[in-house]
Amino acid sequence: MKDATQLRRHLHIIRLVDRPFTYPTLKVLSAHLRDHDLDKHSIDTIERDLHNIRGEYGIDIAYDRSQRGYFLNIPDDEDLSDFRAFVRLLEVRERFEMLTRAGSQAGRYLQLEQHDGFRGLDLLSTLHQAMQRQLVVTFTYRTYSSLPDVQQRTRRIEPGLLFEYRNRWYLDGYDLDVPNRQTGERTFGLDRIDNLQLTPQPFRPDRGIDYRAARQHVIGVTAPPDQQPERVVLRFTGVQREYVQSLPLHHSQRVESTDYKANLTVSLYVKCNPELEREILAFGQFVEVLEPHSLRKEIGERVRLMAGLYADQP
């Protein structure tokens with residue numbers, strides 16, 4: 001349990017020295033930990049924590065002499081989103097440690113979503129290894145529309161990015177055997193991958209695809225490389241406005257206005273794809289698409305088709 005407590009302590013320290021900088025002193029850090037039921041720690045313990053955070057996670061917490069306190073030192077040329085993603089992983093680990101400490105009694109107080117039937121989690125390790133070593137992988141892939149008796153060809157893929165959406169895992173990669181007239185960027189659901197093999201063939205060094213940047217403006221899975229992101233404006237009413245503020249649809253979400261009728265207008269900068277449409281439709285009559293006109297028209301058509309299914313209701 002010592003490791004779990006140490007992880008909690010490290011996360012509290014990282015959050016306290018993060019932007020916007022307040023430059024806490026060692027005494028302030030110690031008092032903060034004590035206020036959060038992490039016991040009182042000596043200055044030497046806090047200094048050891050700072051050293052361990054740097055050694056274990058590669059996160060540099062530096063001392064600013066002019067401010068007389070500590071701050072998160074991330075170089076200007078380093079991607080801040082990399083750091084944010086890593087901290088989220090630490091937070092997931094922290095929650096896992098909490099559940100582990102609860103032991104078999106956790107089930108009395110917690111109900112988790114059931115996803116026992118999902119396939120593909122066992123592939124994560126091999127794919128992660130392939131990306132680290134920059135090696136091509138091979139596998140067979142069956143789409144949902146594939147006929148069960150059709151022989152699937154073996155694909156040769158340069159794996160680029162693993163990501164999760166709605167408790168399913170996906171792989172972005174480059175298909176080496178696509179026709180010349182097509183782009184080789186593809187997305188694969190891990191639950192539909194079979195016969196995964198790691199090969200000794202290295203990546204082509206000049207491919208130059210930034211998979212993370214390509215997903216920066218995407219909700220969900222569908223991300224056509226030739227499609228540009230657009231400004232999407234949505235107006236929410238009722239209690240749904242509270243939900244969309246507490247859990248934004250996308251990191252680009254910005255509040256545009258509120259009014260006396262308790263309407264909330266927000267904007268997103270995203271690619272318009274089927275997943276965005278499903279997110280909007282999930283809010284039912286409590287959301288209206290204001291921009292762009294093409295998305296407003298598409299949602300309106302879907303609503304009309306849905307209404308047609310219930311046309312015979314009295």
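Asn 167 is partly exposed, with a relative accessible area of 34%, and in this predicted model the residue lies in the loop between S4 and S5. Its phi is near 65°, a positive value in a residue other than glycine. A further positive phi, of about 55°, is found at Gln 134, which is likewise not a glycine; Gln 134 belongs to the loop between H5 and S3 and, at 47% relative accessibility, counts as partly exposed.

The elements that flank these two loops take part in a sheet and in the packing on it. The sheet is open and consists of five strands in the order S6-S5-S4-S3-S7, with antiparallel pairing. Its edges are formed by strand S6 (185–189) and strand S7 (193–202), each of which has a single partner strand, so that one side of each is left without a neighbour in the sheet. On average, and with direction ignored, neighbouring strands of this sheet are turned by 45° against each other. Within the sheet, strand S3 (residues 135–141) and strand S4 (residues 154–165) run antiparallel and are joined by four bridges, and Thr 138 has Arg 156 in S4 as its bridge partner. Helix H5 (residues 124–133) packs on the sheet, where it touches S3, S4, strand S5 (168–175) and S7, and the direction of H5 makes about 105° with that of S4.

Aromatic contacts were examined next. A pair of aromatic rings is described by the distance of the centres and the angle of the planes. A search of the whole structure yields nine aromatic pairs. One of them, between Phe 163 and Tyr 170, is stacked, with 5.4 Å from centre to centre and 20° between the planes, and both Phe 163 and Tyr 170 are buried. For Phe 236 and Phe 283, by contrast, the ring centres are 4.9 Å apart and the planes stand at 75°, so this pair is edge-to-face. Because Phe 236 lies in strand S8 (residues 230–236) and Phe 283 in the loop between helix H8 (274–281) and strand S11 (287–291), the pair ties together parts that are 47 residues apart in sequence. Phe 236 is buried, with a relative accessible area of 0%, and Phe 283 is also buried, with a value of 13%. Elsewhere, ring pairs link Phe 21, Tyr 23 and Phe 71 into a cluster. A charged side chain is also placed against a ring, in that Arg 207 lies over the face of Tyr 174 at 3.8 Å from the ring centre.

Another arginine, Arg 215, is located in the loop between helix H6 (211–214) and S8. Arg 215 has a relative accessible area of 12% and is therefore buried, the limit for this class being under 20%. A polar atom of the side chain of Arg 215 lies 2.8 Å from the backbone oxygen of Val 221. When residues up to four places away in sequence are not counted, Arg 215 touches Leu 161, Phe 163, Asp 172, Thr 187, Gly 220, Val 221 and Ala 223; among these contacts is Phe 163, the residue whose ring is stacked with that of Tyr 170.

Helix H8, which precedes the loop of Phe 283, has as its buried residues Glu 275, Leu 276, Glu 277, Glu 279 and Ile 280. These buried residues of H8 pack against S4, S8, strand S10 (264–270), S11 and helix H9 (293–309). The loop between S11 and H9 contains Pro 292, and the peptide bond from Glu 291 to Pro 292 is cis, with omega near -10°. A cis peptide bond is also found from Arg 19 to Pro 20, with omega near -10°, and Pro 20 lies in the loop between helix H1 (2–17) and helix H2 (26–35).

For the protein as a whole, nine helices and eleven strands are assigned. Buried residues make up 38% of the 314 residues. Of the contacts with a separation of 6 or more, 60% are accounted for by residues 24 or more positions apart.

How values were computed: Residues numbered from 1 in each chain as written. Predicted model: local features only at pLDDT ≥ 70, side-chain atom pairs only at ≥ 80, totals over all residues. Heavy atoms only, no water. Phe/Tyr/Trp six-rings, centres within 6.5 Å; stacked < 30°, edge-to-face > 60°. Buried < 20%, exposed > 50% of the residue type's maximum accessible area, 1.4 Å probe, protein only. Lys NZ or Arg CZ within 6 Å of the ring centre and 35° of its normal. Pairing = 2+ DSSP bridges. Axes fitted to C-alpha atoms, helices over the stretch in contact; angles between N-to-C directions. Contact = heavy atoms within 4.5 Å. Polar contact = N/O pair within 3.5 Å; in protein donor to acceptor, adjacent residues only side chain to side chain.
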